[in-house]
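Let's take a walk through this one, starting from a single strand and working outward. Have the viewer open and follow along.

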Amino acid sequence: MMKTEGGGNKARKHRFGDAIFQFTRNRLAVFCLLVLGAIIFCALFADLIAPFGIDEQQISEALQAPSRSHWFGTDNYGRDIFSRVLHGGRVSLLVAIAATLLSTVFGVLFGSVAGYYEGRIGNLIMRIMDIFMAIPSLLMAIVLAASFGAGLNNTILAIAISSIPSFTRVVRAPILAVKQNEYMEASRAIGARTPRLILRHILPNILAIVIVQSTLGVANAIISVASLSFLGLGVQPPTPEWGTMLSAGRAYITKCYWMVTFPGLAIVLSVICLNVLGDALRDALDPRLKM
Amino acid sequence: MEGKKLLSVKNLKIQYNTRSMGICRAVNDVSFDLNYGETLGVVGETGAGKTTIAKGIMRLVSTPPGKIVAGEVCFAGENLLKVSEKKMQTYRGNKISMIFQDPMTSLNPIDTVGAQIAEVLKLHSAPMSKQQLMRKAADMLEMVGIPGERSYDYPHQFSGGMKQRIVIAIALACSPELIIADEPTTALDVTIQAQILELMNKLKKETQTSMILITHDLGVVAEMCDKVAVVYAGEIVEYGTARQVYKETQHPYTLGLFQSLPSLTGDETRLKPIAGMMPDPSDLPPGCCFHPRCPFAENACQASKPPLRVLETGHKVRCMKSLNGRS
């Protein structure tokens, strides 16, 4: 929408400038952003960074403790855990981000329809979401993954579907509030149509909430992916994935701590960073603080 | 210009069907005409149905629970209640525009004011580039007395009076033929009120726009309006030129409104309000709606609803009695 005109860009910059300034004042959040950036960078360029291939087995070097040649040690097949954590990050993050994007899109769609058309349609959507929410989301993901069958795409789908209901709810509530504002009626009074009302006036008003929710959603999705894979319902071995690696290392936990520690650390680190980031974004984008 | 009808509302009837209170008869048989270039003041207490009349003309009564039950709204010869919603959308903001009561809430907080003025231009005028739109928006801002370069600012960076100027700029952007101003100065303090009224008067004269001014401030009406309609419980109880209504008040309700104004010269220490409350629109009293509060009420007032009598001067009043010489 704002592509050609210089003035428009100036206005945009102005609006997000405040938010960025607020964000940079939060040191912890900036640190977490850097860590997260590093994790994503490593996952993206895993091929170049990893010293060993993901399936490179050296039976003679199986179950070695961390050393100079194998930073994170090796697993029971003699595969380098550092390389597998890097490649695993690629899968975990990809699945988590894809699932969150999917649930964001559908959550916003259902939420805005349910919020805007409060009557019968809204009720119908929300009651369906209530039914879905009555089932714990991990359990739901497990059921879905089990019925779709294991695999990358099905995992994404299962996690996305299980998190759509909460998204819908989070989006609907502020829409109900925004809808009541007089400027909605005012824009109707200048001749705007319903789609324009939703896209131009309602959604931008709840954008901050959507951004925060999806950041936190990615963190949840990472845990869900790992959980599903740990249970053998998600990404299948030999594809490296943090949850799968945890699952494989479980049997050796008493003797070879490194098999579960490093994938576990990767999960913890990315989830903590995403959560801190989400909170910082919430503070930075909160319009109440901007006045 | 003179004497040509722009808007003619006939027997407009709007009801709200609520679950808890049953049918609320918000607007009952309201009829009035508005000529080109004229200003009509619609006066009445809170809840008299003034805003509903305005929304009825714009066809913005939210349905459900509201419903325009009967009547006609002829705008430049066309019955707006019959045209398609799509056509209506091309009228709103273009030929008829509205100024809302509270400028604090009628601007979208996340959009620059320039973009909000540009939006109405974009919706209704010939396609033009973003730059042209923004330039026109800046021109509109200048017109209402705000520097054009402020069009990249957000609503929260403006004061209440300036926001109302922006709302006026949006309303005037497409040079409409009719402006409906719904209590445009209620949310502003008195000095700003005067400025805004002056601005509206000036712009109205320059553009020859007709206006419906909804207010409960009799002073505002005196300053701005050619004709006045006094609304009580969804009915017009008195209608005439500003002079007629102010100098030759006919209806006891209008009289009560004038008497409840504090006097600058008298030494009374108390206000003289009209006794009682506005009737519940879901349970209107029989006969004349005002009779429970009317100091001149008789049994006949309860028995049947008085018609809107037309006096020889064109002054209309919905009262059985003649009030002349009683004030």
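In which sense do strand β7 and β8 of chain B pair, and over how many bridges? Keep in mind that this is a predicted model. In it, β7(B), residues 178-182, runs parallel to β8(B), and five bridges join them. If you want one pair to click on, take Ile180(B), whose bridge partner in β8(B) is Ile212(B).

Now follow the chain from one of these strands to the other. Helix α6 of chain B, residues 190-207, joins β7(B) and β8(B) in a β-α-β unit, and that unit is right-handed.

What about β3 of chain B, residues 39-43? That strand pairs with β8(B) too, in the parallel sense and over five bridges. Here a handy pair to look at is Gly41(B) with its bridge partner Leu213(B) in β8(B). So far, then, β8(B) has turned up in parallel pairings with β3(B) and with β7(B).

How many residues of β8(B) are buried? The strand covers residues 210-215, and six of its six residues are buried. You can check this face by face: Ser210(B), Ile212(B) and Ile214(B) lie on one side, Met211(B), Leu213(B) and Thr215(B) lie on the other, and all are buried. Both faces of the strand are covered, in other words. The two bridge partners we clicked on sit on opposite sides, with Ile212(B) on one and Leu213(B) on the other.

Let's zoom out to the rest of chain B. Its secondary structure adds up to ten helices and twelve strands. The radius of gyration is 21 Å, close to the 20 Å that the globule rule gives for 327 residues, so chain B is as compact as a globular protein of that length. Its C-alpha trace spans about 70 × 50 × 45 Å along the principal axes. Across the 327 residues of chain B, 46% count as buried. Among contacts in chain B with a separation of 6 or more, 66% are between residues 24 or more positions apart.

Last stop: the place where chain B meets chain A. Chain A brings 23 residues to the contact and chain B brings 28 residues. On the chain A side, α1 (6-24), α8 (182-189) and α9 (194-230) each supply at least two residues. Which element of chain A gives the most? That would be α8(A), with six residues. By type, the chain A side divides into nine nonpolar, eight polar and six charged residues.

Key: Residues numbered from 1 in each chain as written. Chains lettered and ligands numbered in written order. Predicted model: local features only at pLDDT ≥ 70, side-chain atom pairs only at ≥ 80, totals over all residues. Contact = placed C-beta atoms within 7 Å. Helix = DSSP H or I, 4+ residues; strand = E, 2+ residues; numbered from the N terminus. Nonpolar A, V, L, I, M, F, W, Y, C, P; charged D, E, K, R; others polar. Rg over C-alpha atoms; globule rule 2.2 N^0.38 Å. Buried ≥ 20, exposed ≤ 12 C-beta atoms within 10 Å, placed from the backbone. Pairing = 2+ DSSP bridges. Right-handed = clockwise from strand over helix to strand, strands pointing away.
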